[in-house]
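Me: I'd like to go through this structure with you and ask how the labels are earned. Can we start with a helix?

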Amino acid sequence: MLSLSRLLLAVCLIDIAAAIPAVTVITTSTKSIITSCGCTSKSTSKNGHVSTYLITGSSSCTKKTIKPTCKTTTSTVKKLITSSITSTTKTSSTSTETATTSSSTKPTTSSTSSSRSSSTPSSATSSTTSSTTSSSSSSSSSTSQTSANYPTNSTSSGPTSTSSSATASATPVKNSGKRGLSYNDPNLTEPFSLSGQFSKVSWAYNWYSYPYTNGQTQSGYNPALSFVPMLWSSADVLTSVWASNVAAAKANYGTTAVLAFNEPDGCDGQSCMSVSTAVAAYQKWMNPLKGSVSLGAPAVTNGVGTLTGLDYLKTFIENCTGCQIDFVPIHWYGDASQITDFENYIRTAYAAGGNRPLWVTEFGTTSGTAAQTQTFLQSVQAWMDGSGMVAKYAWFMDQPGNLISANESGMSPQGVMYNSG
């Protein structure tokens with residue numbers, strides 16, 4: 001359930017699009033946020049998850065007047081999405097799943113439980129209309145996706161481990177492990193997969209088609225990690241750079257696989273694509289790459305219902321005539337106690353995907369203590385490492401308060417365990 005760009009920003013250095021009126025969506029943990037930005041805030045809830053929106057419909061909420069000291073009651077702001085959406089556009093609540101705080105200025109999920117929500121892989125302004133899902137009673141209604149902006153990430157980097165003095169002589173080393181990083185800030189990939197670590201982290205992605213999103217400094221990405229481009233949706237702003245970005249990633253960042261649409265079964269800030277729209281887009285933008293890279297199906301949620309989750313996946317595969325699908329990305333979020341449920345879901349998803357290799361490109365806990373989350377991750381990563389059904393997986397996510405320490409001094413204890421445990 002990530003959404004268009006999974007990008008970030010906490011302490012309200014907000015890069016708001018110039019277009020007015022606009023809706024700036026900030027997703028946090030299951031706690032509502034309160035701001036002092038002088039804008040109207042609105043909290044909504046869907047499936048028990050709270051999303052807070054800053055409604056910026058007048059010039060008083062433009063970039064010039066937003067206070068740099070603006071803060072939230074929780075600093076677990078995962079990402080910031082700025083969209084030029086008219087005041088009449090319906091904004092769906094974004095599913096969020098994390099519950100701890102961190103003083104970091106980057107999107108943070110703590111090891112207590114992982115926070116997730118929408119992101120937008122594009123810094124350009126565009127309008128994309130999602131088609132209605134055929135005969136779906138619960139999820140795929142027609143919604144509008146417009147103009148998403150990448151906020152500019154900072155360029156601080158962290159050392160290899162929790163010790164700030166440990167990195168001086170360490171160098172990036174490639175490995176063949178299944179583990180990957182989902183990130184917003186490329187600099188936060190640097191502490192992983194270094195000499196002497198015996199790392200099992202070998203790849204990374206950022207919900208976009210290039211390691212750096214627009215506005216980011218073109219440095220800091222760990223060269224030991226194979227980058228995996230994603231075509232988040234069929235929005236023109238994404239498809240217009242898709243082929244060139246994939247070619248550049250293949251030439252410069254070890255790309256051997258690409259990911260299709262992010263949660264097309266989710267219309268709460270995700271790509272929200274009908275099966276027919278997704279099939280047509282896959283045939284047009286993904287299929288031409290067959291033979292040059294491995295192609296991943298659309299990544300669905302673990303929701304349940306008609307044209308939701310694995311039902312959407314199966315319907316997509318059945319209708320995607322002539323489509324090359326080499327592997328199946330899936331997402332899973334649940335309680336930290338649901339280790340057996342997670343393993344059973346993997347088995348069910350493997351069958352639903354026609355016994356194709358699975359990439360678990362997002363997974364995390366929505367509740368549980370830090371110790372329970374640590375136990376969950378340690379158990380399921382060992383299980384997936386030994387499973388023939390799972391080819392790759394990425395914990396949600398590589399950010400301060402989660403795999404990175406809250407002060408960004410290096411990997412957190414959870415990050416150390418994920419890197420080489």
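Reply: Sure, take helix H4 (residues 339-352): its 14 residues reach 20 Å from the first C-alpha to the last, close to the 20 Å expected at 1.5 Å a residue. The expected span is 1.5 Å times one less than the number of residues. Helices here are DSSP runs of H or I with at least four residues, strands are runs of E with at least two, and both are numbered from the N terminus.

Me: Where do these values come from?

Reply: The model is predicted, so local features need pLDDT of at least 70 and side-chain atom pairs count only at pLDDT 80 or more, while totals for chains, interfaces and linings use all residues. Residues are numbered from 1 along each chain as its sequence is written, and side-chain values use heavy atoms, with hydrogens and water left out.

Me: Which residues of H4 are buried, and what covers them?

Reply: Buried means under 20% relative accessible area (exposed is over 50%, partly exposed is in between, with a 1.4 Å probe and protein chains only). In H4 the buried residues are Ile339, Phe342, Glu343, Tyr345, Ile346, Ala349 and Ala352. Their cover includes H3, S13, S14, helix H5 (370-385) and S15, where contact means heavy atoms within 4.5 Å. After H4 comes glycine 354, with a positive phi near 75 degrees.

Me: How do you know that the span of helix H1 (residues 236-252) agrees with what is expected?

Reply: At 1.5 Å a residue, its 17 residues should span 24 Å, and the end C-alpha atoms of H1 are 24 Å apart, so the two agree. Even so, H1 bends by about 45 degrees at tryptophan 242; the bend is the angle between axes fitted to the seven residues ending there and the seven starting there. Trp242 is also one of the buried residues of H1, and that buried set packs against strand S10 (226-227), strand S11 (257-258) and H2.

Me: How many aromatic pairs are there?

Reply: Rings of Phe, Tyr and Trp (its six-membered ring) pair if their centres lie within 6.5 Å; planes under 30 degrees apart are stacked, over 60 edge-to-face and the rest tilted. That rule gives 21 aromatic pairs.

Me: What makes the pair of tyrosine 282 and phenylalanine 316 edge-to-face?

Reply: Their ring centres are 5.5 Å apart and their planes stand at 70 degrees, so the pair is edge-to-face. Tyrosine 282 sits in helix H2 (residues 275-286) and phenylalanine 316 in helix H3 (residues 310-319), 34 residues apart, so this pair links distant parts of the chain.

Me: Why do tyrosine 282 and phenylalanine 316 count as buried?

Reply: Tyrosine 282 has 0% relative accessibility, so it counts as buried. Phenylalanine 316 is also at 0%, and therefore counts as buried.

Reply: Phenylalanine 363 and tyrosine 393 are another edge-to-face pair, 6.0 Å centre to centre with 70 degrees between the planes. Phenylalanine 363 is in strand S14 (residues 358-367) and tyrosine 393 in strand S15 (residues 390-398), so the pair ties together parts 30 residues apart in sequence.

Me: Why is one side of S10 left without a neighbour in the sheet?

Reply: The open sheet has six strands in the order S10-S9-S8-S15-S14-S13, with parallel pairing. S10 and strand S13 (328-335) stand at the edges, each with a single partner strand, so one side of each has no neighbour in the sheet. Strands pair if DSSP finds at least two bridges between them, and two bridges join strand S9 (residues 201-205) to S10.
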